[in-house]
Amino acid sequence: MNDSVNVNLQVKIIHASAGTGKTYSLTNEFINVILSDNNFLDLMKRLVAITFSEKAACEMKSRIVMGIFDKISNQLKNEETRIKCENQLFRLRISTIHSFCKSLLKRFSFLFQIDPNFTVCEAEQSYIFFRRALSLFLENADPDALLSDIEPMKVKRFIEYMEQMHETHPQIFLGKPVNHLLTKSLYRCFEQIQKTYQDIKKQNSVLDFNDLESITYILITKHPESLNVLNDFDENVDFIFVDEFQDTNLLQWKIIREFSREWVSGIGAKSETGKKYGLYFVGDRKQSIYLFRGAENTVFEDAKEFFSPYVKSEFLTTNYRSFPEIIEFVNAVFDGQEGFPDQEKLVTCEKFSQKDCGFVEIKLFDKKGISIKDEKKIEYGWIAEKILALVESKFSVYDKKEDSFRPVQFRDIAILIRKRTHLEILEDALRRYSIPFVNVGGIGFYQEPEIIFLISLLSVIADPSDTLSLKNLNNSIFPIDFEKINTWRSLLQNNFASTVVDTIVMELGLFSKLSSQGCANVEKFLMLVHEMSNVPFFQMVQHFRRICTRDEEPKADVFSEQQNAVRILTVHASKGLEFPVVFLAGVEQGSPDTRKIKLMHKRTIENDSDYVFMVKNEKGDFFNHYVNKLQQEEKRILYVALTRARQILIITGARQKSVWFNLLNRYEKNYLPTEPKFCNKNIFTENFTRDTKTLPKITKKPVSLVSFSSTREITDFSDERIGTIVHKIIWEISNNLIPLESEFLFERARFFMEKMKVNESTELIKIHLANLEKPEIRQIIVPDKDAYSELQFFADINGESVYGIVDRVIIKNETCLIYDFKTRQNSEIYPTDIQQLRLYKEGLKNLFNCERIQTFIVFTFYGIIKEVRT
């Protein structure tokens, strides 16, 4: 770096604390740079914006495009210039760091003999290729010779070490192993496996995400043509904008640094033009929570040092998300903590500063004398009761979109957890209290019955002697024609595996037999199969069988904002989101699990601040340093969790030491909870829905069997899961998917009961199903060309936009007959039933040109139909 200051270079680091408008700030900087140049059309081509997830890239691009429309395009009087400006929006270079690297490598692929049409493999395919490389190593290498200087170890343990190294970000291996025999010996083996792994990927014309970064870094630093690549970038880019800078790993930072090195030197082509150029970084080191992906919150210091004296720092502390009570609590918890400086403490925005209707509560449970499982049942039961109490009391929460207060709904509530260890207990508690919920990113994908079925089927096709998979098929809830298996096996001779699997799914008609969650899971499975199109069929099946015992794989996401359901998320999944009400559960889990550590690393001050690394050794400073690093990250994870809350924050957990517990325990007495009080766990009472203004949307469920408990009928006092099953079966009958015959009905019900864990209600279900066969009900639900099932409507009723789904509508002799199915165990008609059907009537009157509309309730438990005069 020259001693002289380059006056044309602008570098700004914006430290944007939680809820302070990070993306808004970066968008403004982007647009202001465009407005600062008279030749802004040309400048728009010379801007690069980078972030670290597809979701963040889409959000950033959306905001920038809208900003350019509002502040630039709409202000242009010249039509030709305006059209050019809007056309340029399609060419804006806003992407993830991986997409940026991918486009660069495709352009310069000839320098590495990379196939210019290479694809980027996902984690599943990458894992298959690595396991193939590992197998070849174990078959052909001499591990005893390579590991001769250490004690013998079991093959399983050796594989665990290799897989841990494979999952470690490649930036760690920019450094070197410490002088430790086990580490050096294992790393020698890993290098050989890695070389084979790279060869396999090259043969299949694929790169993984780590390759995109590693090869890009080599391209711009060590390749003979690196100067030409850098010059090309310099000539075509004037400004770099980096969002979510706290999620940057060291390798990504080095790539950004190398592209701007000549700018800092002040001797490149840009310095002679007199034009402005520079970099803008936006992020919050207090929210750096991706250490497992290689993220380093120290990159803020790296950037400040490298770009000194050009750096201007800005601190955004005004929080536009949370009420004063939340802000005050967060500031108190992290006061004086390392990495949480006073100048970055949050300040309540003026709009919320006078509002005092938020609160924080802490409820800790003693677990002396009881098991962890029993403690969790008590804790999660308390959370469920608290949720019901909030909803029943119609607690007023602030609606950001409407800029007004309204009664809290289930969709306003999020339960955040650090780990999914006790997730099943939490789900059971919510089901027990009939609380609708969705598990966002819920794990257990490979344990879902439809996925077990598909893996078993593919295993039998690949290996006819696989008796275990044959047994799974025989016991499967999906009927299978074993003659078909030979047909499908023969298709593999002339077709890709992905094509055959598509054919199997379609011929079996799985999508018509499954719930929304099941269909989404099958779609995800098909996607995984397509990603492995380069993998031999037998090897693909082996891979699925190997990983099907893992429970970390998330289920396919079927969540919709329209679903009135409590959301369950990990803290990591909640990043970037906000909720009116947040329950932070299981504070005792807020500590690093040192048992899972296999490979440790730390940065050094030598050799360009690379890393040194070693396999786990619980003795010595290296281990203590690494654990301390993990503990500091736990504090940042807690910060992210607490700052998701807008108005209400309720913290629960066991009295057990952890990083989180140690920070929160001291405030327990100041934030004692109000114990939940509610009339009945079935809170959908007449009082709950008397005022239609509390229901901007009809909350009657669109029936779909998903991984969460569907929203119940407004006045249904019966078990919600039974209602869901009966409604789903009626829908399938009406759509001619299953015949209205006892044998088929109960077989289908048994499938749903197994999936929803309804084991105690068999006789009750049989009563409902038997009543469906009564002649007067049969004629309502059988397929009919003039009838509609689960008919959706949108209507403007009394000045409000209302959305509803009607169970059954039949058009007969210019009369519209509306049927609503109730599964509760009483046949009384409530005022809310009348109100609900009145809304249906209003919503449908403009859909059908009928002179009359009649409304009915079908009580499936009693097998009777009652007309309701509205």
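These notes go through the nonpolar cores, the aromatic rings and some of the strands of a predicted model.

1. Start with the interior. The largest nonpolar core has 139 residues. Within this core, the residues that touch the most other members are Met162, Leu186, Phe281, Leu457, Phe544 and Ile729. Apart from it lies another core, made of 42 residues. Ile362, Ile637, Trp660 and Leu664 are among the members of that other core.

2. Ile729 can be followed further. If its neighbours within four places in sequence are left aside, Ile729 is in contact with Ile738, Leu745, Arg748, Ala749, Phe752, Leu769 and Leu772. To check this on the model, select Ile729 and look for these residues around it.

3. Next, the rings. The structure holds 41 aromatic pairs. One aromatic cluster is formed by Phe245, Trp253, Phe281, Phe300, Phe306 and Phe307. Phe281 deserves a second look: it belongs to this cluster, and it is also listed among the residues that touch the most other members of the largest nonpolar core.

4. Two lysines are placed over rings. The charged end of Lys106 sits over the ring of Phe118, 4.4 Å from the ring centre. Lys766 lies over the face of Phe746, and here the distance to the ring centre is 5.0 Å.

5. One open sheet has 3 strands, in the order E5-E20-E19, with mixed pairing. Its edge strands are E5 (176–177) and E19 (599–603), each of which pairs on one side only. E19 pairs with strand E20 (residues 611–615) in the antiparallel sense, over 5 bridges. For a single position, see Lys602, which stands opposite Val612 in E20. As background, strands of a sheet pair through backbone hydrogen bonds, and the pairing is either parallel or antiparallel.

6. Is strand E24 (residues 815–822) mostly covered or uncovered? E24 is mostly covered, with 8 of its 8 residues buried. In a regular strand, side chains alternate between the two faces of the sheet. In E24, Thr815, Leu817, Tyr819 and Phe821 point one way, while Cys816, Ile818, Asp820 and Lys822 point the other way. All of these residues are buried, and the list includes Asp820 and Lys822.

7. E24 also has a partner strand. It is joined by 8 bridges to strand E25 (residues 852–859), and the two run parallel. The bridge partner of Thr815 in E25 is Arg852. Together with helix H33 (residues 831–844), E24 and E25 make a right-handed β-α-β unit.

Key:
Residues are numbered from 1 along each chain as its sequence is written. This is a predicted model: local features need pLDDT of at least 70, side-chain atom pairs count only at pLDDT 80 or more; totals for chains, interfaces and linings use all residues. Side-chain values use heavy atoms; hydrogens and water are left out. Rings of Phe, Tyr and Trp (its six-membered ring) pair if their centres lie within 6.5 Å; planes under 30 degrees apart count as stacked, over 60 as edge-to-face and the rest as tilted. A charge sits over a ring if NZ of Lys or CZ of Arg is within 6 Å of the ring centre and within 35 degrees of the ring normal. A nonpolar core is a set of buried Ala, Val, Leu, Ile, Met, Phe, Trp, Tyr and Cys residues joined through side-chain atoms within 4.5 Å. Buried means under 20% relative accessible area, exposed over 50%, partly exposed in between (1.4 Å probe, protein chains only). Contact means heavy atoms within 4.5 Å. Two strands pair if DSSP finds at least two bridges between them. Helices (H or I, at least four residues) and strands (E, at least two) are DSSP runs, numbered from the N terminus. A crossover is right-handed if, with the strands pointing away from the viewer, the path from the first strand over the helix to the second runs clockwise.
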